[in-house]
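Student: I'd like to learn how to read a model like this one, feature by feature. Could you walk me through it?

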Number of protein chains: 2
Amino acid sequence: MKSRRVKKGEMLQKSGELRSRIYVVQSGLLRSYLIDEKGKEHIFMFAPEGWVIADNTGTEIPTTLFIDALEDSIVQVREKDITKEHQNVTPLVKRLSVLQKRVVMLMSSSAIDRYEDFIATYPNIVQRVPQRMIASYLGITPEALSKIKSGKLRNI
Amino acid sequence: MKSRRVKKGEMLQKSGELRSRIYVVQSGLLRSYLIDEKGKEHIFMFAPEGWVIADNTGTEIPTTLFIDALEDSIVQVREKDITKEHQNVTPLVKRLSVLQKRVVMLMSSSAIDRYEDFIATYPNIVQRVPQRMIASYLGITPEALSKIKSGKLRNI
DNA sequence: TTCATTTCTTAACCTAGGTTAATGCATAAC
DNA sequence: GTTATGCATTAACCTAGGTTAAGAAATGAA
């Protein structure tokens, strides 16, 4: 079980790769994100200590996400095909459940509600990453996030 | 392995239940959806022949979705805890990948692009369900979908 | 069949959030 | 130190998509 030191800003995976790995974060902070056709960056998830980050691992589908470090980090790298890890279905189901909630939020909640949910769910990430990345995770612009924080945008 | 006949409109699972099952659709069409705080319905997924539909199965998390039949259907009901089905990790990973794409689309694409992607991905579902359900799946109103179809809303 | 309910579309108007641009701060690079 | 680059905020303006409402078409119930 090898661990690896990653410097802030270092890229662990690029979109389009065929052999993706699973990264278990032991310390620090990683993120996965994509770049759309217009060149815009969208953060898919943050992974602080204890979290797992991966993308299509164990399928023939090429990766669509980039993974890099937002802080100096130590990560455990699992080369193994996720489908071969019989015992680890539960984290998969948990990730499904997290993703399901994310879809639901994106479909049914305003940016304000999503922001409040984000703060409640990831209270310790808010101070560790720039505002523009939180905006990116929420699916809004940094300007809109500023409006929300200053109360210029209000839920009815 | 028991199969069950379900009449159109019949409810298979209600939000809030603790023991959820896995439904494998053999014929017909199921959907899962949620109802938000404002009482609005949001379709989470459609499941035609061959698809699997489930919600937090194998976790302690209560279900958040309703599941019902949009057509008379025959479904295989699996009572078994999803985590116990060692060999079936691949469908889980595939569902993760589908959900991941859904999040990405909701974050980065216009309603028009999402509609076109929906048609390309699920060509045979479009004719089988009412427009308002497609709108609900896309995260827009039926009125907005009408605008899109009549060309009154256009991508730049 | 008839009446009622739901579905789809159109139109007028409205708003959450995007875009553009300017300004003040931080970092980082030299 | 100075200069440059990136970050956050604000403001003016814009637009995708929501809301409300009304009419036509389809579906269902009795």
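Student: Which elements of chain A have the lowest and the highest mean pLDDT?
Tutor: A general caution comes before the case: where pLDDT is low, the predicted coordinates should not be read in detail. This is a predicted model. Among the elements of chain A, the lowest mean pLDDT, 84, belongs to helix α1 (residues 89-108) of chain A, and the highest, 97, to helix α4 (residues 142-149) of chain A. For chain A as a whole the mean pLDDT is 87, with 92% of its residues reaching 70 or more.

Student: Good, now symmetry. What turn and what shift lay chain A on chain B?
Tutor: The general idea is that two copies of a chain are related by a rotation about an axis and a shift along it. Here a turn of 180° with a shift of 0.0 Å along the axis lays chain A on chain B, at an RMSD of 0.0 Å. That is the relation of a two-fold axis. Both copies use the same surface, since 100% of the contact residues of chain A recur in chain B.

Student: How many residues does each chain bring to that contact?
Tutor: Chain A brings 29 residues and chain B brings 29 residues. On the side of chain A that touches chain B, β5 (41-48) and α1 of chain A each supply at least two residues. The most comes from α1(A), with 16 residues. By class, that side of chain A has 13 nonpolar, 11 polar and 5 charged residues.

Student: Let's go inside. Which residues touch the most other members of the largest nonpolar core?
Tutor: As a general rule, in soluble globular proteins nonpolar side chains tend to be buried together. In this model the largest nonpolar core holds 62 residues, and those touching the most other members are Y23(A), L30(A), I53(A), Y23(B), L30(B) and I53(B). There is also a second, separate core of 6 residues, with L92(A), L96(A), L92(B) and L96(B) among them.

Student: What is L30(A) in contact with, leaving aside its neighbours within four places in sequence?
Tutor: On that basis, the contacts of L30(A) include Y23(A) and I53(A). Others among them are V25(A), A47(A), I67(A), L70(A) and V75(A), along with D68(A) and S73(A).

Student: Is I140(B) buried or exposed?
Tutor: I140(B) is buried, because 20 other C-beta atoms lie within 10 Å, and 20 is the count at which a residue qualifies as buried. I140(B) sits in the loop between α3 and α4 of chain B. Leaving aside neighbours within four places in sequence, I140(B) is in contact with A111(B), A135(B) and L145(B). I140(B) and A111(B) are 29 residues apart in sequence, yet 7.3 Å apart in space, C-alpha to C-alpha.

Student: Last topic, the DNA. Which residues are closest to DNA strand D?
Tutor: Of the 17 residues that surround DNA strand D, the closest are P130(A), Q131(A), S146(A), A111(B) and A144(B). At least two residues each come from α3 (131-138) and α4 of chain A and from α2 (111-121) and α4 (142-149) of chain B. The largest share, 4 residues, is from α4(A). By class, the surface near DNA strand D has 8 nonpolar, 5 polar and 4 charged residues.

Student: And which residues come nearest to DNA strand C?
Tutor: Around DNA strand C there are 17 residues, and A111(A), A144(A), P130(B), Q131(B) and S150(B) come nearest. Here α4(B) gives the most, with 4 residues.

How values were computed. Residues numbered from 1 in each chain as written. Chains lettered and ligands numbered in written order. Predicted model: local features only at pLDDT ≥ 70, side-chain atom pairs only at ≥ 80, totals over all residues. Core = buried A, V, L, I, M, F, W, Y, C linked by C-beta atoms within 7 Å. Buried ≥ 20, exposed ≤ 12 C-beta atoms within 10 Å, placed from the backbone. Contact = placed C-beta atoms within 7 Å. pLDDT = per-residue confidence, 0-100. Near = placed C-beta within 6 Å. Nonpolar A, V, L, I, M, F, W, Y, C, P; charged D, E, K, R; others polar. Least-squares fit on C-alpha atoms with pLDDT ≥ 70 in both.
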